[in-house]
Amino acid sequence: MVNQVDPDLLSLDQLERDLKEMAFDRGIIGDFLADAHAAALLNSRPLLLSLFRWVRTYHAARGMKDKDLDRLVQALAGQIHRSVPISLEGDVSILAAQSGGWRQRAPGQPRPTSEVLQTYMNLLLNHEGAEARRLILEKAVDGKSVQYLYGHVLESTMTEIGRLWLENKIDVADEHYATAVTEALMNSLHPMLKQRPRRGRVLLVGVQTELHALGLHMVKDFLELDGWDTTYLGPNLPLESICSAIEKERPDLIAISVTTPANLIPTAQAIQRIREIPTAGSIPLMVGGYPILVDPSLHATLGADAWAANGFHAVRVARSLLNATRPPRIGSPETAGLSAELTTHRVHRSHKVTPNEELVRLVSELSALHAQLRKRNVAIEQLSEEKSRFLGMAAHDLRNDINVATLIARLLGQRNEGFSEFQRSLVERLDNTLKSMLDLVDGYLDVSRIEAGKLEIHAEPIDLIALVEDRLSVARFFGDEAGVRIVRSGIPGPAMVNVDPKRIKQALNNLLINAIKFSPHGGEVEAAVHEHGDRYVLDVMDEGPGVPSEEGKRLFAPFTTLDPAGEKSGTGLGLHIARRVVEAHGGSIEFRSRSPRGAIFSIALPRFTRPA
């Protein structure tokens with residue numbers, strides 16, 4: 001059983017009285033007491049020893065003498081001794097004394113030896129984030145795998161930076177800057193992940209009060225590289241939200257990050273609660289973080305199935321958990337009776353969340369949302385590519401069949417001897433219908449090419465005035481049939497632009513045909529070319545009913561038909577294709593209403609300047 005503790009036994013004021021006003025960092029010592037008490041409560045001697053070494057290193061690096069260090073550590077041991085389980089009572093002072101060898105056993109991993117690691121770390125410490133980011137991205141482009149960069153550069157760098165902060169060689173601002181740059185860099189590296197066939201779904205999370213996100217983020221990306229479908233919720237999540245997400249997502253694996261020893265207790269409570277969820281009792285659960293790295297046996301005490309030291313290790317452990325068969329586990333032997341005691345146990349909390357920590361929490365939440373959004377965007381892009389590919393193939397096959405049917409219809413039209421008037425009208429209607437179908441399929445093919453980024457532009461210097469006159473000569477045939485006059489105004493020319501004539505003619509045709517279609521009998525369509533700075537602007541103006549401003553916002557979207565008469569006609573692709581064609585030439589296209597009635601569609605294209 002865990003003894004109930006009087007919070008005064010872990011009081012900083014009492015500690016100051018015991019030390020007779022010896023100076024120490026109250027915030028650090030408050031955190032230490034919370035961490036050490038959790039380690040003692042969970043009977044972890046390795047973690048307690050590591051924490052004593054840590055607090056010695058921190059204060060020694062800030063000028064505390066060896067004699068005062070011994071006094072501080074023994075006073076801390078005395079406070080912890082009053083609240084530990086009976087099995088640890090005789091060990092606390094021994095562990096505190098053993099921590100005096102901290103100089104011979106410096107915390108953290110071996111010093112960095114990799115040139116890229118050292119360069120990256122130096123750039124971070126000099127607050128040259130852009131250069132640091134460029135260095136790593138260049139290594140990725142040169143062939144270094146994302147796994148290598150994560151595991152042997154980014155993770156090792158952040159471990160070393162943590163050591164430098166502990167030894168008072170950098171301040172907390174440097175550490176926060178390095179963390180922010182590294183996390184942003186991970187987001188940049190993410191599109192380079194080459195995923196393998198899907199293994200399963202994993203949910204990654206940290207309990208409320210857990211503020212560190214970087215390690216959990218790295219594990220997420222390592223698992224994605226291995227083919228896992230990840231749901232990254234990030235740290236500092238309330239228990240109810242964790243349980244709700246598990247019931248909603250139904251993952252094949254749960255990964256929980258716990259980087260601060262004091263958070264071991266709420267993590268144990270969270271795992272116990274997860275085991276009570278009927279649909280989650282048999283889901284394997286993996287934990288990781290600093291306390292677990294120091295004392296791997298803690299994973300069983302918390303109620304987890306396994307632990308992982310880093311991203312590489314997490315991949316191996318996740319695979320083994322996925323392949324293992326395990327019975328439903330609702331209340332494990334290791335945690336039986338522990339949860340209720342932890343719930344009523346009062347743990348010392350001297351630490352108040354600082355603005356920087358709140359910022360880190362918000363950044364972590366934003367990063368989690370960004371990761372989810374990025375993941376969904378990738379899925380949307382894949383679906384869009386599949387749609388475009390299918391659309392292109394279907395349109396291509398349809399085009400061939402329509403061409404054959406068109407040929408047959410025209411042969412019938414040429415050999416219409418003996419046809420009745422009704423039969424001739426049917427053949428003519430068939431020919432017109434097939435022509436409309438061919439226009440529709442050609443529009444689909446153009447959209448498919450555009451969406452796939454395969455729209456070919458063969459630009460050449462050409463006189464825009466001559467190109468407009470050519471299209472107007474064709475448009476006048478349609479205008480005469482509709483009773484609409486076609487005129488041109490503006491500069492006489494030449495107006496040289498560097499464009500693909502075929503593509504720009506396609507865009508002009510769409511604008512002119514639309515203008516004629518919506519103009520009243522006896523109306524006029526005007527095409528005006530004028531200069532505007534370094535561009536030529538072509539205005540196509542009609543005298544139709546115009547387009548309501550609220551409809552104009554979606555005018556250039558694909559499959560949008562805006563017939564004021566309420567009659568849906570056309571494919572709804574013409575203006576969309578025109579916009580994409582013009583933009584591919586570095587130009588722009590826009591719509592505005594014309595007074596007193598009508599619409600104006602404007603195409604702006606860069607002027608061509610011959611090289612000197």
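The legends below describe close-up views of a predicted model.

**Figure 1. The protein chain as a whole.** The predicted chain holds 22 helices and 12 strands. Of its 612 residues, 46% are buried. Among contacts with a separation of 6 or more, 74% join residues 24 or more positions apart. The accessible surface is about 30,600 Å², and carbon and sulfur atoms account for 54% of that area.

**Figure 2. An open sheet of 5 strands.** The strand order is 7-9-10-12-11, and the pairing is mixed. Strand 7 (485-490) and strand 11 (588-593) are the edges; each has a single partner strand, so one side of each lacks a neighbour in the sheet. On average, neighbouring strands are turned by 20 degrees against each other, direction ignored. Within the sheet, strand 10 (residues 535-541) pairs with strand 12 (residues 599-606) in the antiparallel sense, over 7 bridges. Val-540 stands opposite Phe-601 of strand 12.

**Figure 3. Helix 19 on the sheet.** Helix 19 (residues 464-482) packs on the sheet and touches strand 7, strand 9 (524-532), strand 10 and strand 12. The direction of this helix makes about 170 degrees with that of strand 7.

**Figure 4. A nonpolar surface patch.** Val-474, Phe-477, Phe-478 and Ile-513 make a nonpolar patch of about 380 Å² on the surface. Helix 19 supplies the largest share of the patch, 3 residues. Phe-477 is found in helix 19 and has a relative accessible area of 64%, so this residue counts as exposed.

**Figure 5. Salt bridges within two helices.** Side chains of opposite charge can pair when their charged atoms come close. The salt bridges in the model number 23. One of them joins Arg-134 and Glu-131, with an N to O distance of 2.3 Å. These two residues are separated by about one helical turn because Arg-134 and Glu-131 are 3 residues apart in helix 7 (residues 129-141). Arg-134 is partly exposed at 41% relative accessibility, and Glu-131 is partly exposed at 39%. In helix 10 (residues 214-225), Glu-224 and Lys-220 lie 4 residues apart, about one turn. Their closest N and O atoms are 3.3 Å apart in a salt bridge. Glu-224 is buried, with a relative accessible area of 4%, and Lys-220 is buried at 1%.

**Figure 6. A pair of adjoining numbers and a network.** Asp-470 forms a salt bridge with Arg-471, the closest N and O atoms being 2.7 Å apart. Asp-470 is partly exposed at 29% relative accessibility, whereas Arg-471 is buried at 14%. Elsewhere, salt bridges with shared partners link Glu-160, Arg-163, Glu-167 and Lys-169 into one network.

Technical notes: Residues are numbered from 1 along each chain as its sequence is written. This is a predicted model: local features need pLDDT of at least 70, side-chain atom pairs count only at pLDDT 80 or more; totals for chains, interfaces and linings use all residues. Side-chain values use heavy atoms; hydrogens and water are left out. Two strands pair if DSSP finds at least two bridges between them. Axes are lines fitted to C-alpha atoms, for helices over the stretch in contact, and angles run from 0 to 180 degrees between N-to-C directions. Contact means heavy atoms within 4.5 Å. Buried means under 20% relative accessible area, exposed over 50%, partly exposed in between (1.4 Å probe, protein chains only). Accessible areas come from the Shrake-Rupley method with a 1.4 Å probe; for residues, only the protein chains shown count as cover. Patches are made of residues with over 30% relative accessible area and no salt bridge: like charges are joined within 9 Å, nonpolar side chains (Val, Leu, Ile, Met, Phe, Trp, Tyr) within 5 Å. A salt bridge is a side-chain nitrogen of Lys or Arg within 4 Å of a carboxyl oxygen of Asp or Glu.
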